[in-house]
Amino acid sequence: NGKGDIEPDPLVKWWETTKERMGLSLRLKRIDAYTQLLRTCGLRIAHDEEAQRFVAHIIFPHQMRVVMDPAAPMDLDRAHGVAIELASEAGLSESRRRWEFWCVRKGEEQHVLIDEVANADGKWEASLVQKDEGDALVAPDGRGILPIAMFAAHTEELGLFTLEGQDLVPTNRFLNVLLTDIHHIAEQQGFGVMVVTTSAGGKAPGKIIRAPNTAISLEEGVDAKFIDAGSKLAELVNLATTRIKLHATFYGIPPGRVSIEARAIASGVALQIEERAIVEARSDQIEVYRDPLRRMWEILWATYNAFVPKANAPAKALDPDLALRWTPGEIQVPVDPQVALDNVLAKLKSKLCSRVEAIAELRGITVEEARAIAKAIDEEDKATGAATPTPVDDPLGLAAKRDQFGGARPQPPLPKNPEEPLAPPQE
């Protein structure tokens, strides 16, 4: 701006504000969990003309009806019809539903709202509410595009919707029944079973009232005692715990992650080996989201060009070459700060990284931010007369340790003749 400051591009600033108002980061984290559970999940992108902002809604599989093209079982843009049940006053009820229907196949473009009402016979009757005569959204490559990005944790051989992940349902049902049984057994047999016996000539009581504040009075010849039913509550609890751990292990979760008991860890390396399955599962999941996130940007691009230029927007239209770059975040592994510092200083001394890169790694910032910090440090040192810091000769502190064991190792004298070989080091 002429003052030495870099001002953000208006489109970049618009995107930062848009994704924050959409709650996009939180929704993508929720989609990650839903995709693991349901294997399929959708994200609907739209522009709220009244509020003049983008909105995003998560769509579950049971809220969608899709008639796919058999030649493209995972391509929504080639489907003969896609309908989403809307969460409106006319939708998501037992007797009335509202659907938003799309088709963007060439020559079959449609976008309509449909109401369904259940009649007295329990059958659904559909009626057209609104038909959009406008053109379909157009992707950067010129094809029609539906405003839905689908996230699927499987490939096309299973179709868009699958019951592959439904093993969680019977497992959860088994645990529900088992925990209910444990609760009932503890309630009914936790204090034992009361047994009343009468000797010859004794009179059996008509009824016995058991209560914490009531004493039991027995007639002569009548005896009462409590017998432990041997309900084995501990074994049942262990069975439930084992079942949870087995299913967690099947999904790649280390048993230690589902343990509520304190346990000793042999070392940080042992912990990393135990967590290896989670790291590998995360690496596999990256490919699940790469293409849907690319499609999400295409939907945002098409929606912007169709609606946003009518409002106060930073550009009348987005360039087709404009792309959204998505990079998976780094996995943060706990490291001793001193060890991390020693590693960075060792790389700096070995000229495996620059001073700016070392600052970026130690502070967890970008290289651009680190370059600005290095510049500020140099300017401060220049103002105070201090020398500009250079890589230290002993980043690991080995000299101080050598001093503890009798000083530094003596070096052999240099030969006077350059061609003469060096003398062997002294013991």
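Is Gln 52 buried, partly exposed or exposed? Gln 52 is partly exposed, because its relative accessible area is 39%. The views below are all taken from a predicted model.

**Figure 1. Overview of the chain.** The predicted chain holds 10 helices and 10 strands. Of its 427 residues, 25% are buried. Its accessible surface comes to about 29500 Å². Carbon and sulfur atoms contribute 54% of that surface. Among contacts with a separation of 6 or more, 51% join residues 24 or more positions apart.

**Figure 2. Two loop residues with positive phi, Arg 39 and Gln 52.** Arg 39 sits in the loop between H2 and E1. Its phi is positive, about 70°, although Arg 39 is not a glycine. Arg 39 has a relative accessible area of 13%, so it counts as buried. The second residue, Gln 52, belongs to the loop between E1 and E2. Gln 52 is likewise no glycine, and its phi is positive, near 55°. With a relative accessible area of 39%, Gln 52 lies between the limits of 20% for buried and 50% for exposed.

**Figure 3. Thr 18 in helix H1.** Thr 18 is part of helix H1, which covers residues 10-22. Its relative accessibility is 9%, so Thr 18 counts as buried. The side chain of Thr 18 reaches back to the backbone oxygen of Trp 14. The distance is 2.8 Å.

**Figure 4. Trp 14 and Phe 54, an edge-to-face pair.** The model contains six aromatic pairs. One of them joins Trp 14 and Phe 54. The ring centres are 5.9 Å apart, and the planes meet at 70°. Trp 14 comes from helix H1 and Phe 54 from strand E2 (residues 53-59), so the pair ties together parts 40 residues apart in sequence. Both Trp 14 and Phe 54 are buried. The two also belong to one aromatic cluster, together with Trp 15, Trp 297 and Tyr 304.

**Figure 5. Tyr 34 and Phe 60, another aromatic pair.** Tyr 34 and Phe 60 also form an edge-to-face pair. Here the centres are 4.9 Å apart, with 80° between the planes. Tyr 34 lies in helix H2 (residues 24-38), while Phe 60 lies in the loop between E2 and strand E3 (64-67). The pair therefore ties together parts that are 26 residues apart in sequence. Tyr 34 is partly exposed, with a relative accessible area of 25%. Phe 60 counts as partly exposed too, at 23% relative accessibility.

**Figure 6. Gly 42 and its surroundings.** Gly 42 belongs to strand E1, residues 40-48. Its relative accessible area is 0%, so Gly 42 is buried. Beyond its neighbours within four places in sequence, Gly 42 contacts Ile 31, His 57, Ile 58, Ile 59, Ala 149 and Met 150. Pro 61 is 19 residues away in sequence. In space, the C-alpha atoms of Gly 42 and Pro 61 are 7.7 Å apart.

**Figure 7. Helix H4 and its two faces.** Helix H4 runs over residues 233-250. At 1.5 Å a residue, its 18 residues should span 26 Å, and the end C-alpha atoms are indeed 26 Å apart. Ala 240, His 247 and Ala 248 are buried in H4. Seen down the axis, the buried residues fall within an arc of 105°, so they line one face of the helix. The face turned away from the buried side carries Leu 246 and Phe 250, both exposed. Just after H4, Gly 252 takes a positive phi of about 85°.

**Figure 8. Helix H7 against helix H8.** Helix H7 spans residues 337-349. Its 13 residues reach 18 Å from first C-alpha to last, close to the 18 Å expected at 1.5 Å a residue. Asp 342, Val 344 and Leu 348 are buried in H7. They cover an arc of only 165° around the axis, which puts them on the same side of H7. The buried residues of H7 pack against helix H8, residues 355-363. Just after H7, Lys 351 has a positive phi of about 60°.

Note on methods
Residues are numbered from 1 along each chain as its sequence is written. Side-chain values use heavy atoms; hydrogens and water are left out. Helices (H or I, at least four residues) and strands (E, at least two) are DSSP runs, numbered from the N terminus. The expected span of a helix is 1.5 Å times one less than its number of residues. Buried means under 20% relative accessible area, exposed over 50%, partly exposed in between (1.4 Å probe, protein chains only). The arc is that of the directions from the helix axis to the C-beta atoms. A polar contact is a pair of N or O atoms within 3.5 Å; within protein, one must be able to donate a hydrogen and the other to accept it, and residues adjacent in sequence count only if both atoms are side-chain atoms. Contact means heavy atoms within 4.5 Å. Accessible areas come from the Shrake-Rupley method with a 1.4 Å probe; for residues, only the protein chains shown count as cover. Rings of Phe, Tyr and Trp (its six-membered ring) pair if their centres lie within 6.5 Å; planes under 30 degrees apart count as stacked, over 60 as edge-to-face and the rest as tilted.
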